[in-house]
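I open the notebook on a new model today. I want to look up its empty spaces, its rings and a few backbone angles.

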Amino acid sequence: MAGNIGKRTDEPIGMKKVLLEELLMQSTRAELINTAEILAIKIKKSQTKGLIAREMARTILDVPYVLLSQLPLQELLKLRGMVYAKDHAVPFTTSFIVSPTVQIGLSDISFDGQQYKEYITPDLAKAIEPLLETVEKHFDVKRYHHEQLIIGLLNLYGLLDMQELQELAAFHEPQLNSSALELAIMCSYVLKSCEMVAAGKLLYCSPYLDQPEHLLKEISQRKTIKKARFTLNEILDAGVWGSALPPVNQQTSSLRHELGRLKKTDEEITALLTDLWMLLNNDLDPLAMLMEIIEENPTTLEEVNRLMAVFIQWSNALPRWILKANSSHYVFETYERPALQKRPPTLVMRPDSAAANISQEEVNRMWEGAQSDSIPKVGRNEACPCKSGKKFKHCCLKKQ
């Protein structure tokens, strides 16, 4: 789930001579049992934490394909890099979500004296290496495509029950019928770890979602809002593991340009867009992240104001989980503005006001008339429609 970046230590990686069993022991007993169930590793739940960790390590090292076949493509590529690295480590990038390898306990984060790195243990690297060629040779394109599509839907909507997920998935990929969808979920560690049960329903949530119960409540209060729809490409872009991107809006290129002024690379900007989007979706503070970036890269007040303005415009056009993947701009224009336009104002006047004898019904009729283009507008210097005898600018115009 969201909000964690893994276990860190400042001990140099060169001093790390641990085994996979020891890494697994950093998890709680309950976490180990849950991970074993997701990976379909048989254990005795009544055993001690140490015995469970030992059994899990033995199974993973003896049959590593059981593990590799359930990881996202991006995690496999990262593991490949760690296997062939001299210290079995690759540079670590802070993320809004915990990677499956860290979550399972296959890897850990450490400091090599210059930068943070993610590393695997030598025994795991030795077990994985012979299988890498086989995994690449028998690469299951369909399996990864289906996983990416499903994760994309979850990242766009935040939370979906099984029926909703099936309908949306089948709409974009007819092959993903109910049995194919269940198989895709069963073969994915990420998707199985996103399962939850609430209100008697089986639900699947975005890996970035921090408070599922809160989102369920927010969605239930917006029954009149219809779910947004997306193109297949937009869904797949949102489903890239670790780099979920929202649909591009008119302000995206402007925001990328402004972030580029802060000496950010394209890769860093892409990661920022993901984090900013997910901070918004979790009702957290994306502006705090922007301010940290600005502090690290001092700039002019004019450039800061421009960045903030572009960011606000960009964020108002993003899919929001609480709005059923609609943007706040769309919901306001479609549902809220029309309702505001249909309600005449309620005027409260002092008893000694010259217009105090006007009833609310008369105000309503005047307001409805003002909405019609066929009725000419009252000029500032013309007599006020309330018949007070004053000019419009000295009477009801002031009240407006």
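Which helices each supply at least two residues of the lining of the second largest cavity? I found two names to write down: α14 (252-261) and α17 (301-316). I note here that the model is predicted.

**Entry 1: the second largest cavity**

I looked up its volume, which is about 40 Å³. Its lining is made of E258, R261, L262, T299, E303, V304 and L307. The largest share, three residues, comes from α17. I then sorted the lining by class. Three residues are nonpolar, one is polar and three are charged.

I checked the classes against the names. Charged residues are Asp, Glu, Lys and Arg, so in this lining E258, R261 and E303 are the charged ones.

**Entry 2: the largest cavity**

How many cavities of 30 Å³ or more does the structure hold? I count two. The largest has about 40 Å³ of space. I listed its lining as L39, I41, T59, I60, V63, V66, L67 and Q70. Helices α3 (49-62) and α4 (64-68) each supply at least two of these residues.

By class, the lining has six nonpolar residues, two polar ones and no charged ones. The second largest cavity, in contrast, has three charged residues in its lining.

**Entry 3: the largest pocket**

Next I turned to the largest pocket. Its volume is about 1,200 Å³. The lining counts 35 residues, and T93, T94, S95, G242 and A271 lie nearest the centre.

Which element gives the most to this lining? It is α15, with eight residues. At least two residues each come from α5 (73-84), β3 (116-120), α15 (266-281) and α16 (286-296). I wrote down the classes too: 15 nonpolar, 10 polar and 10 charged.

**Entry 4: rings**

I searched for aromatic pairs and found four. One of them is F111 with Y116. Their centres are 5.1 Å apart, and the planes make 55 degrees, a tilted pair. Are these two residues buried, partly exposed or exposed? F111 has 22% relative accessibility and counts as partly exposed. Y116 has 26% and is also partly exposed.

Why is the pair of Y330 and Y335 called edge-to-face? Their planes stand at 75 degrees, and an angle over 60 counts as edge-to-face. The ring centres of Y330 and Y335 are 6.5 Å apart. I looked up the exposure of both. Y330 is partly exposed at 38% relative accessibility. Y335 is partly exposed as well, at 26%.

I also looked for a charge over a ring. R229 lies over the face of F171, at 5.0 Å from the ring centre.

**Entry 5: positive phi angles**

I looked for positive phi in residues other than glycine. A40 is one, with phi of about 60 degrees. A40 sits in the loop between α2 (29-38) and α3. Two residues that I met earlier, L39 and I41, belong to the lining of the largest cavity.

K324 is another, with phi near 55 degrees. K324 lies in the loop between α17 and α18 (328-341). I had already met α17, in the lining of the second largest cavity.

Is each residue buried or exposed? A40 is exposed, because its relative accessible area is 62% and the cut-off is over 50%. K324 is buried, because its 12% falls under 20%.

**Entry 6: one helix, end to end**

Last, I took helix α8, residues 141-157. How far does α8 reach from its first C-alpha to its last? The span is 24 Å over 17 residues, close to the 24 Å expected at 1.5 Å a residue.

I then looked at its cover. Of the 17 residues in α8, 13 are buried, so the helix is mostly covered. I kept one rule in mind here. An α-helix has 3.6 residues a turn, so residues three or four places apart point the same way.

What follows α8? It is G158, with a positive phi near 85 degrees. I close the notebook here.

Notes: Residues are numbered from 1 along each chain as its sequence is written. This is a predicted model: local features need pLDDT of at least 70, side-chain atom pairs count only at pLDDT 80 or more; totals for chains, interfaces and linings use all residues. Side-chain values use heavy atoms; hydrogens and water are left out. On a 1 Å grid over the protein atoms alone, a cavity is a set of points where a 1.4 Å probe fits but cannot get out, and a pocket is an open set with protein on both sides within 12 Å along at least five of seven lines; lining residues have an atom within 4 Å of a point. Grid points are joined across faces, edges and corners, and a volume is the space filled by probe spheres set on the points. Helices (H or I, at least four residues) and strands (E, at least two) are DSSP runs, numbered from the N terminus. Rings of Phe, Tyr and Trp (its six-membered ring) pair if their centres lie within 6.5 Å; planes under 30 degrees apart count as stacked, over 60 as edge-to-face and the rest as tilted. Buried means under 20% relative accessible area, exposed over 50%, partly exposed in between (1.4 Å probe, protein chains only). A charge sits over a ring if NZ of Lys or CZ of Arg is within 6 Å of the ring centre and within 35 degrees of the ring normal. The expected span of a helix is 1.5 Å times one less than its number of residues.
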